[in-house]
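User: I am new to this structure and would like to learn how to read its features. Could you guide me through them in turn?

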Amino acid sequence: MPILDAMRARSGPWAAMSFVGVTFALLMCSCKKDAGMAMPERPPTPVSATQAIGRDVPVYLDEIGKTTAREYVSIIPQVTGRIMDIHFTDGTELKKGEKLFTIDARPYKAALDQAKANVTQGTAAAKFAKREYERLEHLVEANAVSQEDYDTKKNAAALADAALEGAVAAVEMAQLNLEYCTIVSPIDGRAAQRLADVGNVVKANEGSLLVIQRLDPIYADFTVAERDLGAVRQNMAEGTLKVQVRLPEDGDQFHEGDLTFLDSAVKDASGTVKLRATLKNDDRHFWAGQFVNVRLILKTKKDAVLV
């Protein structure tokens with residue numbers, strides 16, 4: 001006979017309830033015992049060790065900049081005339097003094113010849129006036145001529161000398177205009193596309209014929225925030241700062257130059273100050289107007305501990 005049935009037979013419903021309570025208590029004790037069991041420990045995490053080393057570490061600012069030609073020259077004619085010849089090819093490297101354009105020089109050659117003739121005439125007139133003046137100079141002392149005649153000759157000699165000086169100056173100006181008919185490159189640089197062709201008539205001091213840019217060395221212009229200006233100035237006081245410049249496609253390959261310019265004021269609109277680096281560019285790696293990554297080295301920490 002089952003226990004529950006026996007208890008029911010002996011004691012009725014109260015005995016059955018007691019049996020249920022005892023069974024629940026036993027189950028709770030079993031749960032507490034299981035909860036008190038210790039969890040298995042996790043194995044230690046494997047780590048690797050390396051040796052610390054001492055090395056010089058640069059402190060730097062990374063900025064975005066733009067390259068600028070070292071020199072930028074716009075060739076403007078200084079005399080009026082027709083272009084007779086062009087002596088260069090667009091996009092070539094030019095040397096200082098190399099011929100670029102020839103303007104029709106015939107009118108200016110004629111003007112020079114006329115000016116030289118005026119000098120010859122003026123020289124003769126000045127000599128004659130001087131002789132007349134010197135002749136009367138002795139006569140006026142002996143009262144052989146009037147003082148008025150003497151003063152007239154003296155004034156004529158002075159006017160002749162002045163006219164001669166003007167004629168000489170006209171020769172120099174005519175010679176200069178004749179030289180302006182041959183336009184040469186004022187710098188070493190790269191020629192852009194010409195803006196005039198043979199046969200075009202150009203006017204003095206109007207319109208550009210050509211732009212020449214010197215690309216070696218080249219500038220890299222960039223800005224730093226106002227908050228970094230103090231650190232830049234402090235380190236500049238200790239010597240010339242180095243600047244590393246690269247194109248976005250250069251990866252980690254930098255071209256090194258020197259910081260050569262710090263602007264005198266912070267821009268109100270952006271809160272930045274302009275700086276300029278100068279670097280060699282004999283291989284023409286950089287082109288004017290390119291965006292570049294610029295790293296300004298402020299200082300180098302000696303023997304910094306690195307892991």
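Analyst: Let us begin with exposure. This is a predicted model. Lys109 has a relative accessibility of 41%, so this residue counts as partly exposed. That class lies between buried, under 20%, and exposed, over 50%.

User: With which residue does Lys109 form a salt bridge?

Analyst: A salt bridge is recognised by a side-chain nitrogen of Lys or Arg within 4 Å of a carboxyl oxygen of Asp or Glu. Here the partner of Lys109 is Asp113, and the closest N and O atoms are 3.2 Å apart. Asp113 is likewise partly exposed, at 37% relative accessibility. Both residues belong to helix 3 (residues 106-141), and because they are four residues apart there, about one helical turn separates them.

User: How many salt bridges does the whole structure contain?

Analyst: A search of the whole structure gives 13. Another of these pairs is Arg295 with Asp62, whose closest N and O atoms are 2.8 Å apart. Arg295 is in strand 12 (residues 291-306) and Asp62 in strand 1 (residues 53-75), so this pair ties together parts that are 233 residues apart in sequence. Asp62 is partly exposed, with 45% relative accessibility.

User: Which residues are linked in a network of salt bridges?

Analyst: Such a network links Asp90, Arg194 and Asp197. Within it, Asp197 and Arg194 form a salt bridge in which the closest N and O atoms are 2.9 Å apart. Asp197 is partly exposed, with a relative accessible area of 40%, and Arg194 is also partly exposed, at 30%.

User: I would next like to read a sheet. In what order do the four strands of the open sheet lie?

Analyst: The order is 5-4-2-7, with antiparallel pairing. Strand 5 (182-184) and strand 7 (201-202) are the edge strands, each pairing on one side only. Strand 4 (residues 99-103) runs antiparallel to strand 5 and is joined to it by three bridges. Across this pairing, Thr102 stands opposite Thr182 of strand 5.

User: Let us end with a single residue. Is Thr272 buried or exposed?

Analyst: The relative accessible area decides the matter. For Thr272 the value is 15%, so this residue is buried, the limit for that class being under 20%. Thr272 is located in strand 11 (residues 272-279).

User: What does Thr272 touch, and with which side chain does its own side chain make a polar contact?

Analyst: Leaving aside residues up to four places away in sequence, Thr272 touches Thr223, Val224, Ala225, Glu226, Ala265, Val266 and Lys267. Its side chain makes a polar contact with the side chain of Ser270, at 2.7 Å.

Note on methods. Residues are numbered from 1 along each chain as its sequence is written. This is a predicted model: local features need pLDDT of at least 70, side-chain atom pairs count only at pLDDT 80 or more; totals for chains, interfaces and linings use all residues. Side-chain values use heavy atoms; hydrogens and water are left out. Helices (H or I, at least four residues) and strands (E, at least two) are DSSP runs, numbered from the N terminus. Buried means under 20% relative accessible area, exposed over 50%, partly exposed in between (1.4 Å probe, protein chains only). A polar contact is a pair of N or O atoms within 3.5 Å; within protein, one must be able to donate a hydrogen and the other to accept it, and residues adjacent in sequence count only if both atoms are side-chain atoms. Contact means heavy atoms within 4.5 Å. Two strands pair if DSSP finds at least two bridges between them.
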